[in-house]
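The following exercises are to be worked with the sequence and the model side by side. Each task is followed by a solution in steps.

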Amino acid sequence: MGNHFLQRIIPGLLVLAFSCVGPVDGAYAADAPAAPAQPRVLSIDVAGNRFIEKDTVLANIQTRPGDVLSRKQIGRDVRALFDTGYFSDVSVEGIRNDQGVRLVFHVVENPVIGEVSFKGNHEIEDKVLKFKLKIQPGRVLSDAIERHDINTIRSMYLKKGYYQVGVKIQTTKRADGREDVQILIDEGQITRIVRILFVGNHAFSDEELRDHLASQQSGFIASFTDRDVFQQDRVGADAQLLMQYYQDHGYLDSKVESTLVSLSVDKKSFYLTFNVYEGPQYRVSKIDLQGDMVPSRETLASAVTLKPGEIYSLQKLRESIEAITEKVGDEGYAFATVTPLFHRDLGSNTVAITLDVEKGREVYIERIDITGNQKTEDHVIRRELRQAEASRYSASKVKRSKERLHRLDYFDDVRVSMPRAGSDDRVNMNIDVKEKKTGSFSIGAGYSQLEKVIFTAKMQENNFLGKGYTTNISADIGAVTQNFNTSITDPYFLGKDLSATVSAFKTQTKLNQVNTAQYVQDNYGGGLSFGVPLSENLTYAIGYQYSRNKISNIAAGST
């Protein structure tokens with residue numbers, strides 16, 4: 001007769017059992033023969049699967065027909081099947097004969113998800129939750145996926161300040177074996193910051209320091225901005241804001257040593273405590289320049305806003321470094337750096353600052369590449385640039401180019417990079433833009449005693465056809481008055497730095513009321529205007545407008 005064995009793995013527990021059928025004689029114990037060779041696997045089959053294909057099961061195991069039977073490998077195969085998340089139970093049955101062993105993997109499938117619904121969520125919409133979760137119709141539902149999605153939902157609510165949130169998953173079995181999933185969410189209340197405290201502050205009061213934080217204590221004004229809602233990222237930013245405020249007022253050695261966040265037992269409020277070290281207040285004793293004096297020491301010195309005798313200010317130091325970097329950059333040095341070196345005098349609480357200037361290499365712009373503009377045409381962007389191709393790099397021109405692109409209001413973000421081109425003195429100017437919606441449409445209705453129902457509509461597009469045209473169309477239609485207006489502006493008329501606007505309008509009034517005069521008034525016309533730039537920030541405009549009034553169908557009202 002054949003030998004049979006059963007191997008079952010339960011998460012955290014391995015059970016291996018054998019049953020041998022055949023004669024057993026005491027002589028075998030007295031003179032035990034050598035262990036027989038391990039049998040080979042003849043075939044592998046799968047039992048118990050309904051939704052999961054046999055090939056999918058076999059693809060996740062390493063044992064193959066023809067292999068020498070290995071109980072360790074079978075154990076690893078069972079574990080691999082559990083790790084797929086498809087099965088709640090896996091066992092292996094082996095049927096042995098003279099030729100080898102036939103293996104059968106018995107599986108109990110986790111349920112397939114039918115419909116997914118949510119209950120109790122008001123702050124976060126269903127579509128937002130569905131996009132983030134692994135629980136999706138047609139997928140297999142497992143304990144691991146449930147734990148993952150519960151933690152995901154909790155994290156989403158914690159970011160919004162809901163620290164009382166509770167999440168449960170409820171399933172309902174269908175006749176076809178699938179299970180509908182309903183996710184029950186108890187949002188609770190927003191957990192707000194009720195108190196912000198400081199330890200170690202002597203130069204400034206608690207109230208002064210609170211005014212410079214991103215977070216605020218609960219109050220009437222804070223409730224409108226949600227700045228009193230606890231957010232972990234915001235607390236980290238608050239520590240930086242505190243340090244910057246101190247350093248802007250001369251406390252060069254100041255730091256936030258620790259931040260304590262306390263949540264009340266009922267999870268309804270937070271208490272923040274910042275432990276600060278102020279240190280002494282420093283004045284600037286001397287400011288010097290060293291390194292590459294380009295274009296000249298006098299020019300760089302004029303860019304320094306932080307002066308000797310003043311209280312040290314981190315903000316003024318940053319402004320000075322930026323201004324020096326820009327002046328050196330205007331000479332063609334795109335990679336100039338300015339490093340501040342501090343020399344403290346603890347006896348007099350003064351600091352001498354040396355700005356070390358390293359100009360780097362002089363470079364020219366070989367090519368300007370523009371990416372990210374799906375709608376806006378290249379020439380609309382290029383005409384705003386003040387830095388030209390095949391010319392020497394200028395930091396102020398690059399800065400002004402970014403400012404002009406932002407001022408168009410076509411883009412959410414504009415990024416400029418300078419990768420190396422064909423040689424050490426050549427770079428490419430890469431401009432990467434992120435476009436945003438530039439059009440708007442509104443429609444509405446109202447009521448008045450004279451006009452009865454009034455319909456209004458307005459459409460505006462600031463980047464029409466991606467060519468930079470600004471268009472406006474509006475209409476107001478009532479029982480007595482109808483107004484129509486339209487205009488289009490080309491900011492670079494005929495390719496020149498000259499704006500042109502064409503507009504047209506029509507207004508019609510039909511007064512037909514008892515006891516009043518009755519008439520029809522038509523007013524229509526149009527206009528043409530031009531804008532001539534006098535400087536980067538000043539434009540002179542001149543225009544002409546034509547209009548014509550016509551009154552007809554005049555009749556006296558009855559009395």
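**Exercise 1: Strands around β11**

Strand β10 (residues 255-263) and β11 are joined by eight bridges and run antiparallel. The model is a predicted one.

Task. Determine which residue stands opposite Ser258 in β11, and how many residues lie between β10 and β11 in their hairpin.

Solution.
- Step 1. Follow the antiparallel ladder to Ser258; the residue opposite Ser258 in β11 is Asn275.
- Step 2. Examine the connection: β10 and β11 form a hairpin with five residues between them. Within this turn, Lys267 has a positive phi of about 60 degrees.
- Step 3. Turn to β9, which is joined by seven bridges to strand β11 (residues 269-277), the two running parallel. On this ladder, Ile193 has Phe270 in β11 as its bridge partner.

**Exercise 2: The seven-stranded sheet**

Task. For the open sheet of seven strands, state the order of the strands and identify which strands stand at the edges.

Solution.
- Step 1. The order is β18-β19-β20-β21-β22-β23-β24, and the pairing is antiparallel.
- Step 2. β18 (439-448) and β24 (539-555) each have a single partner strand, so they stand at the edges and one side of each is left without a neighbour in the sheet.
- Step 3. From one strand to the next, the twist averages 5 degrees.
- Step 4. Inspect one pair inside the order: strand β20 (residues 469-477) and β21 pair in the antiparallel sense over eight bridges. Asn472 stands opposite Ser487 in β21.

**Exercise 3: The setting of Gln482**

Task. Decide whether Gln482 is buried or exposed, and find which backbone oxygen lies 2.6 Å from a polar atom of its side chain.

Solution.
- Step 1. Gln482 belongs to strand β21 (residues 481-490).
- Step 2. The relative accessible area of Gln482 is 13%. Since buried means under 20%, Gln482 counts as buried.
- Step 3. The backbone oxygen in question is that of Gly478.
- Step 4. Not counting residues up to four places away in sequence, Gln482 touches Asp476, Ile477, Lys506, Thr507 and Gln508.

**Exercise 4: Helix α3**

Task. Compare the end-to-end distance of helix α3 with the span it should have at 1.5 Å a residue, and list which of its residues are buried.

Solution.
- Step 1. Helix α3 (residues 71-83) has 13 residues, which should span 18 Å. The end C-alpha atoms are 18 Å apart, in agreement with that value.
- Step 2. The buried residues of α3 are Gln73, Ile74, Gly75, Asp77, Val78, Leu81 and Phe82.
- Step 3. For the spacing of such a list, recall that an α-helix has 3.6 residues a turn, so residues three or four places apart point the same way.
- Step 4. Consider Gln73, located in helix α3. Gln73 has 19% relative accessibility and therefore counts as buried. Leaving aside neighbours within four places in sequence, Gln73 is in contact with Gln62 and Thr63.
- Step 5. After α3 comes Gly85, whose phi is positive, near 80 degrees.

**Exercise 5: Aromatic pairs**

Task. Establish how many aromatic pairs a search of the whole structure finds, and explain why the pair of Tyr163 and Phe230 ties together separate parts of the sequence.

Solution.
- Step 1. The search finds 13 aromatic pairs.
- Step 2. Among them, Tyr163 and Phe230 form an edge-to-face pair, 5.7 Å centre to centre with 65 degrees between the planes.
- Step 3. Tyr163 lies in the loop between α5 (143-159) and β7 (166-173), and Phe230 in the loop between α7 (222-225) and α8 (232-247), so the pair ties together parts that are 67 residues apart in sequence. Both Tyr163 and Phe230 are buried.
- Step 4. Phe204 and Tyr246 also form an edge-to-face pair, at 5.2 Å centre to centre and 75 degrees between the planes. This pair links Phe204, in the loop between β9 (192-199) and α6 (206-210), to Tyr246 in helix α8, 42 residues apart.
- Step 5. Both Phe204 and Tyr246 are buried. Ring pairs link Phe204, Tyr245, Tyr246 and Tyr251 into a cluster.

Note on methods: Residues are numbered from 1 along each chain as its sequence is written. This is a predicted model: local features need pLDDT of at least 70, side-chain atom pairs count only at pLDDT 80 or more; totals for chains, interfaces and linings use all residues. Side-chain values use heavy atoms; hydrogens and water are left out. Rings of Phe, Tyr and Trp (its six-membered ring) pair if their centres lie within 6.5 Å; planes under 30 degrees apart count as stacked, over 60 as edge-to-face and the rest as tilted. Helices (H or I, at least four residues) and strands (E, at least two) are DSSP runs, numbered from the N terminus. Buried means under 20% relative accessible area, exposed over 50%, partly exposed in between (1.4 Å probe, protein chains only). A polar contact is a pair of N or O atoms within 3.5 Å; within protein, one must be able to donate a hydrogen and the other to accept it, and residues adjacent in sequence count only if both atoms are side-chain atoms. Contact means heavy atoms within 4.5 Å. Two strands pair if DSSP finds at least two bridges between them. Axes are lines fitted to C-alpha atoms, for helices over the stretch in contact, and angles run from 0 to 180 degrees between N-to-C directions. The expected span of a helix is 1.5 Å times one less than its number of residues.
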